[in-house]
Amino acid sequence: MQKSFTLLQTIAISGVFSAVSAWYGFMFGRESARKELGGLIENLRNSNFDTSSQE
C-alpha cells in the first residue's frame, strides 16, 4: 500500500513547517539580540563607572 500526498497536503505541510521555522528563528534571534544588547549595556556601564571614578 503506497501512501502519497496530494498537492494541497504538501503545501499545507510546507506552510506549517515554514511557520514553525520562522517562529523558532524569531525567538532565538530575539534571545540572542537581548543577550548581546545586555552585554553592550554592561560594558557601557562599566566604562562609565571607570571614567567617573578616575575624576
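**View 1. The whole protein and its accessible surface.** In this predicted model, the protein shows about 5300 Å² of accessible surface, and carbon and sulfur atoms account for 65% of that. The fold is easy to take in: one helix and zero strands. Of the 55 residues in the protein, 0% are buried.

**View 2. The stretch that UniProt lists as a transmembrane region.** The label comes from an unreviewed UniProt entry, which gives residues 6-26 for "transmembrane region". In the model, residues 6-26 are 95% helix and 0% strand. From end to end, the C-alpha atoms of that stretch sit 30 Å apart.

**View 3. A nonpolar patch on the surface.** Five side chains to look for here are V16, V20, W23, Y24 and F28, which make up a nonpolar surface patch. Together they offer about 550 Å² of accessible area.

**View 4. Zooming in on V20.** V20 is a member of that nonpolar patch and has its place in helix 1. Its relative accessibility is 41%, so V20 counts as partly exposed, falling between the 20% and 50% cut-offs.

**View 5. S47 and the backbone of L44.** Helix 1 covers residues 7-54, and S47 lies within it. What does the side chain of S47 have 3.0 Å from one of its polar atoms? That would be the backbone oxygen of L44. As for exposure, S47 has a relative accessibility of 32%, so this serine counts as partly exposed too.

Note on methods: Residues are numbered from 1 along each chain as its sequence is written. This is a predicted model: local features need pLDDT of at least 70, side-chain atom pairs count only at pLDDT 80 or more; totals for chains, interfaces and linings use all residues. Side-chain values use heavy atoms; hydrogens and water are left out. Helices (H or I, at least four residues) and strands (E, at least two) are DSSP runs, numbered from the N terminus. Buried means under 20% relative accessible area, exposed over 50%, partly exposed in between (1.4 Å probe, protein chains only). A polar contact is a pair of N or O atoms within 3.5 Å; within protein, one must be able to donate a hydrogen and the other to accept it, and residues adjacent in sequence count only if both atoms are side-chain atoms. Patches are made of residues with over 30% relative accessible area and no salt bridge: like charges are joined within 9 Å, nonpolar side chains (Val, Leu, Ile, Met, Phe, Trp, Tyr) within 5 Å. Accessible areas come from the Shrake-Rupley method with a 1.4 Å probe; for residues, only the protein chains shown count as cover. A salt bridge is a side-chain nitrogen of Lys or Arg within 4 Å of a carboxyl oxygen of Asp or Glu. UniProt positions are given in the numbering used here, feature names are shortened, and annotations may be inferred rather than shown by experiment.
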